[in-house]
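This report covers the central sheet and one helix pair. The strands come before the helices.

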Amino acid sequence: MSKGKFITLEGIEGVGKTTNREYIRELLLKNGKPCIETREPGGTPLGEALREMLLEHKHEGMSADAELLMMFAARAEHLHKVIIPALNAGTNVLCDRFTEATYAYQGGGRELGMEKIADLENWVQGDLRPDLTVVLDAPVDIGRERAGKRSAPDRIEKEKNDFFDKVRNTYLEQAKQHPERIAVVDASVELEQVQQQIYDVLLNYRIIE
Ligand code: TMP
């Protein structure tokens, strides 16, 4: 049996991850390629518990290393319990954030650098990488303005604009380094145009036909 495809969705807050995740799920389904949907940090009972700890204000001032390691602890559980079994069974997996978020937020935003993350990535994932990562990209002020209209910011969302500039730039840098598996979509335009770009990306990366 051929392996399932592993697709991840990334971007700073307010770029439309939720709406576009639904669009990708529907496109896959129309193509006869149903998927399971999951998210990081989270996706398992342990991962969701770690997510709560990571995002609640109670742990304000958490060390950047602790944050990084908790992201990867959640990821290890998620990979072992959900992602790898699904891919091995031929099921496609659509995941809201994955390791590219760690490069962007902990590597870029928290300035932990790329090396520690690459070591953890190799340790926890072996050679498993997403088949496609879609980075929804928009200037920070546009994303924040859209996101501000929603719920109260969590521990990470309440960071300042310069943090998110570093996050955004790291996503763009990662996409330049791995164009074979990371695609950037301009999410600052109208939804219809964003979805046209997503459609083209899924075609070009042979996720759909
Ligand atoms: P979400 O609500 O968009 O899923 O975001 C969860 C938050 O966790 C978001 O602010 C990004 C952050 N995050 C990291 O900092 N590093 C990571 O590795 C992941 C997966 C998420």
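## Sheet and helix packing

Strand S1 (residues 6–10) runs parallel to S3 and is joined to S3 by four bridges. The model is a predicted one. On the S1 side, Phe6 stands opposite Val93 of S3.

S3 also pairs with strand S2 (residues 35–39), in the parallel sense and over five bridges. Within that pairing, Cys35 faces Asn92 of S3, and Glu37 stands opposite Leu94 of S3.

The residues that stand opposite S3 positions include the following.

| Residue | Opposite residue in S3 |
|---|---|
| Phe6 | Val93 |
| Cys35 | Asn92 |
| Glu37 | Leu94 |

These pairings belong to an open sheet of five strands, whose order is S2-S3-S1-S4-S5 and whose pairing is parallel. S2 and strand S5 (182–186) are the edge strands; each has a single partner strand, so one side of each lacks a neighbour in the sheet. From one strand to the next, the twist averages 20°. In general, strands of a sheet pair through backbone hydrogen bonds, in either the parallel or the antiparallel sense.

Is S3 enclosed or open to the outside? Five of the five residues of S3 (residues 92–96) are buried, so the strand is largely enclosed by the rest of the structure. Side chains in a regular strand alternate between the two faces of the sheet. In S3, Asn92, Leu94 and Asp96 point one way, while Val93 and Cys95 point the other way. Both sets are buried, including the side that carries Asn92 and Asp96.

The helix pair is described next. Helix H1 (residues 17–30) packs against helix H8 (residues 191–204) at an angle of about 45°, and their axes are 11 Å apart. An angle that is neither under 35 degrees nor over 145, and is outside 65 to 115, counts as oblique; H1 and H8 are therefore oblique to each other. Their crossing is right-handed.

Which residues make the contact between H1 and H8? H1 contributes Thr19, Asn20, Tyr23, Ile24 and Leu27. H8 contributes Leu191, Val194, Gln195, Ile198, Tyr199 and Leu202. By class, the residues of this contact are eight nonpolar and three polar, with no charged residue.

Conventions: Residues numbered from 1 in each chain as written. Predicted model: local features only at pLDDT ≥ 70, side-chain atom pairs only at ≥ 80, totals over all residues. Heavy atoms only, no water. Buried < 20%, exposed > 50% of the residue type's maximum accessible area, 1.4 Å probe, protein only. Helix = DSSP H or I, 4+ residues; strand = E, 2+ residues; numbered from the N terminus. Pairing = 2+ DSSP bridges. Axes fitted to C-alpha atoms, helices over the stretch in contact; angles between N-to-C directions. Left-handed = near helix turned anticlockwise from the far one by under 90°. Contact = heavy atoms within 4.5 Å. Nonpolar A, V, L, I, M, F, W, Y, C, P; charged D, E, K, R; others polar.
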